[in-house]
Amino acid sequence: MDEKEKHDISPEEIKRQTRFMKVMKSWNDEYFAKTGRRRKHLTVTYGCQMNEHDSEVLSGILENMGYIAADDKKEADLIIYNTCCVRENAELKVYGNLGALKGLKRKKNDLIIVVCGCMMQQPHVVEKIKNKYRHVDLIFGTHNLFKFPELLMKSMKSKDMFIEVWENEGNIIEGLPANRRYKSKAFINIMYGCNNFCTYCIVPYTRGRERSREVEDIIKEAAGLAAGGTKEIMLLGQNVNSYGKTLNGSIGFADLLRELNKVPGIERIRFMTSHPKDLSDDLIDAMAECDKVCEHLHLPFQSGSNRILKAMNRKYTKERYLSLIEKLKNRIPDIRLTTDIIVGFPGETEEDFQHTLDIVEKVGYDSAFTFLYSVRQGTPAAKMEGRVDKETKRDRFNRLLEKINKISAEINQNYLNRTVEVLVEGPSKTNPNRYMGRTRGNKLVNFDGSENLVGELVQVQIIEAKTFFLNGKIIE
Ligand code: 5AD
Ligand code: SF4
């Protein structure tokens, strides 16, 4: 079913979905009573932190329904892929993984396979799954995620693949459960959607128009998290700097930061992503004034060439971007900067690319996400002329990466022998005998630690500087 109308969702909707959750829970409890085994879910996430947080909500819902987390797909009774379509690679991975589930479904007929998220907002994707991946049981999109309990029940009762994707967004639904992945830090969505229509980007089509959550709801969520031991919050939105534009009052993102800075128990506040065109002086002031707001800003510039920035519809110039950086560095001397960069946008010449390298050189980023331009069907850039050939793109990409890494390594050298505050996240991913955490500037630090330190702020002396992380020892 495709629903094309505007959605006016009643605040009572959450109660309706809670009823579906209860019914599912009683079914799953009955199964447990009979078999001594809890049904298991595997929730797999692709893409950005928004998606990661959506998956926390999905697994929160599943755990409310009596499912527990599976370690791998073989032991799962329900597998859910929360998809991303920002670049082609992410889509290809989903198709590959869906294909690989065919055999498993054949062996285990009652396995439930669910696909949701950004990819599903594109009709051609849903069509492809309908035709080629008939073993999928349920498809829904980003706008009706809150209906997951109801949709799951409906799909269980349906013989065919059950599909419900809304073309348009509805109003924001508060009160869904979330199964938070980290003990120490938590994501908080402050807004949804995007109105910017950068010409390469699919997000405005999959996540809908920009809408902000009420300040009170955000503060309540932050306070609740703090009460449960969360020390760091990460505020999420496609363009957090334009927070508040859809609310009645005159509150903006800077005001929101000032309010959140007052929440007892919260020690660190981060946010992403910021758009240079909306980064106001007031926001820079708020960042400087609020002691809990970390000295880190992720400020994507995408390209250094004014011609390409115009074609991307980014609404700033290289000069304006660099002057913002100067202002930030003057007002917040300790600020660490990271960015997103696209290489090989249609029409990009070597001269344009040199401007990109120039920004990297001038700003000195701690790290950067670099992307090869990927054609996204339905976006204006997909129709632009001047496709950059693969080899040129690759060559530019490699040169860019080399420069970024060289600068990161140099910046990290400055940390040697310094003592930094680290919030302990858990065991290191690369060395399970070590622990890892992040500084306020978002530097990754590895050290010898113990489980009881997870979620604590510790002082770490840096003894070794690598390109992508620092090694240190905790000082008493
Ligand atoms: N191709 C390559 N990179 C893209 N991004 C968004 N759309 C595309 C695309 N079509 C990158 C941008 C954005 C980040 C989340 O993904 O750099 O900031
Ligand atoms: Fe995409 Fe631009 Fe919106 Fe970011 S600001 S989500 S790049 S359209």
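**Exercises on a predicted model**

In helix 7, the buried residues (under 20% relative accessible area, 1.4 Å probe, protein chains only) are Val-215, Ile-218, Glu-221, Ala-222, Leu-225 and Ala-226. This is a predicted model, where local features need pLDDT of at least 70. Residues are numbered from 1 along each chain.

**Exercise 1.** Work out how the buried residues of helix 7 are arranged around its axis.

*Solution.* Start by looking down the axis: the buried residues of helix 7 fall within an arc of 135 degrees, so they line one face. That arc is taken from the directions from the helix axis to the C-beta atoms. Next, check the other side, where Glu-216, Lys-220 and Ala-227 are exposed (over 50%). Then find the partners: the buried residues pack against strand 8 (185-189), strand 11 (232-236) and helix 8 (253-260), with contact meaning heavy atoms within 4.5 Å. Helices (H or I, at least four residues) and strands (E, at least two) are DSSP runs, numbered from the N terminus.

**Exercise 2.** Track down the backbone oddities in the loops.

*Solution.* As a reminder, most residues other than glycine have a negative phi, and most peptide bonds are trans. Now take Gln-302, which has a positive phi of about 70 degrees. Gln-302 sits in the loop between strand 13 (296-298) and helix 10 (306-311), and is buried at 7% relative accessibility. Asn-442 also has a positive phi, of about 75 degrees, but is partly exposed at 25% (that class lies between the buried and exposed cut-offs). Finally, look at the peptide bond from Met-272 to Thr-273: cis, with omega near 5 degrees.

Note on methods. Chains lettered and ligands numbered in written order. Predicted model: local features only at pLDDT ≥ 70, side-chain atom pairs only at ≥ 80, totals over all residues. Heavy atoms only, no water.
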